[in-house]
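Q: Could you take a close look at the aromatic side chains in this one, and at how they sit relative to the nonpolar interior? I'd like the ring geometry spelled out.

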Amino acid sequence: MKFYKDMFVGRRTLERAMENVLSPSLAGEIGARVSSLFVYPIKSCRGVSLSQAALTPTGFQWDRNWLIVNSKGRGLTQRVEPKLSLIEVEMPKHAFEEDWEPEKSSNMVVRAPGMDALKVSLAKPEKIAHGVSVWEWSGSALDEGEEASQWITNFLGKPCRLVRFNSASETRPVDPDYAPGHYAMFSDMYPFLLISQGSLDSLNKLLKEPVPINRFRPNIFVDGCEPFAEDLWREILINDFTFHGVKLCSRCKVPTIKQETGVGGQEPIKTLRNFRSDKVIQPKKKPQGKIYFGQNMIWKDRVSDVMGKTIKVGDPVVVLAKLSSPAEAAT
């Protein structure tokens, strides 16, 4: 099995090398290395840090598979429920390995201050919740049952349910103007979000109180590049898999919420507005009040039968193609 995997990787690397020779638009340079990987099994709750993450067309395995909804079926986020930042998720030890399948006894364990641990079976529930919505999407989802509903209701102090994306019957396309043919589960917009250490460091130099990367909730955190170099990354290669930079990530109020306490403030959005707003990045366009930090990405290959569909901490990030300015990336 390893022989075939190595042979495939070698072939892909050779193909990429030939593309670099044949196309002057491909930079083909090591721009950074992966320093951290994160998934957020329940949308808007705490993330899980990984040493390696398995790829799926809709994001990393287990990322944003679950959603907390209110009594009307509307998805909740930290924008309106900052206490979600206090909910921790623990997955089985081997859950993030490629091709791992849950057993009947496999559970996701959910914890929060003042609450007993909640165990949610990873076996897909049979009950269907209709009228579930998140942003522009609405459809049905799998309902995780009364125990989970009561646990979340007690913690948040309002009627809620925990639902799981029903990939057997539902799809959620991303914006076809930017990534036609690509899909996400319960993530905000796109399957992957990439941010660099250089960008975070550049911001923190301007803040009285530095903020950690968990304020921005990326999936892929890289180091070794200049601040905001990721703005220009049109196409990159990580462990022989191609990722396409779709557009810069427009930030909401969530980065102002301390993930350890659930308490909000003004920073770092107040400072980011001074040098990362659309007014600054796109001076020729009418401002819409957007603030950018991070690059939304899609997995371009989406090959379902490829062995070894994982990326790891330490993997080099090879930049294949760049945009000429951040203004293009924000468009």
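**Rings and the core around them**

A: Searching the whole structure, which is a predicted model, turns up twelve aromatic pairs. Let's go through two of them in detail.

Start with Phe 60 and Phe 192. Their ring centres sit 5.1 Å apart and the planes meet at 80°, so this pair counts as edge-to-face, the cut-off for that being over 60 degrees. In sequence the partners are 132 residues apart, with Phe 60 in strand β4 (residues 59-60) and Phe 192 in strand β12 (residues 192-196), so the contact links distant parts of the chain. As for burial, Phe 60 has a relative accessible area of 2%, so it goes down as buried. Phe 192 is buried too, at 0%.

Next up, Phe 228 and Phe 275. Here the centres are 5.9 Å apart and the planes are at 75°, so this one is edge-to-face as well. Phe 228 belongs to the loop between β13 (220-223) and β14 (233-238), while Phe 275 is in helix α4 (residues 269-275), so the pair ties together parts 47 residues apart in sequence. The two rings fall on either side of the burial cut-off, which is under 20% relative accessible area. Phe 228, with 13%, is buried, whereas Phe 275, with 23%, is partly exposed. This pair also belongs to a bigger picture: ring pairs link Phe 216, Phe 228, Phe 275 and Phe 293 into a cluster.

Rings have charged company in places, too. Lys 83 lies over the face of Phe 155, 4.3 Å from the ring centre. Likewise, Lys 247 is placed over the face of Tyr 178, with 4.2 Å to the ring centre.

Now for the nonpolar interior. In soluble globular proteins, nonpolar side chains tend to be buried together. The largest nonpolar core in this model has 51 residues, and Ile 68 and Ile 220 are the members that touch the most others in it. Helix α2 (residues 146-156) supplies the largest share of that core, five residues. A second core lies apart from it, made of 17 residues that include Phe 38, Leu 203, Cys 249 and Ile 291.

Zooming in on Ile 68, and leaving out residues up to four places away in sequence, its contacts include Ile 42, Cys 45, Leu 76, Leu 84 and Ile 87. Ile 152, Leu 156, Cys 160 and Leu 162 are also among the residues Ile 68 touches. The list isn't purely nonpolar, mind you: Arg 74 and Arg 161 are on it as well, along with Gly 75.

Note on methods. Residues are numbered from 1 along each chain as its sequence is written. This is a predicted model: local features need pLDDT of at least 70, side-chain atom pairs count only at pLDDT 80 or more; totals for chains, interfaces and linings use all residues. Side-chain values use heavy atoms; hydrogens and water are left out. A nonpolar core is a set of buried Ala, Val, Leu, Ile, Met, Phe, Trp, Tyr and Cys residues joined through side-chain atoms within 4.5 Å. Buried means under 20% relative accessible area, exposed over 50%, partly exposed in between (1.4 Å probe, protein chains only). Helices (H or I, at least four residues) and strands (E, at least two) are DSSP runs, numbered from the N terminus. Contact means heavy atoms within 4.5 Å. Rings of Phe, Tyr and Trp (its six-membered ring) pair if their centres lie within 6.5 Å; planes under 30 degrees apart count as stacked, over 60 as edge-to-face and the rest as tilted. A charge sits over a ring if NZ of Lys or CZ of Arg is within 6 Å of the ring centre and within 35 degrees of the ring normal.
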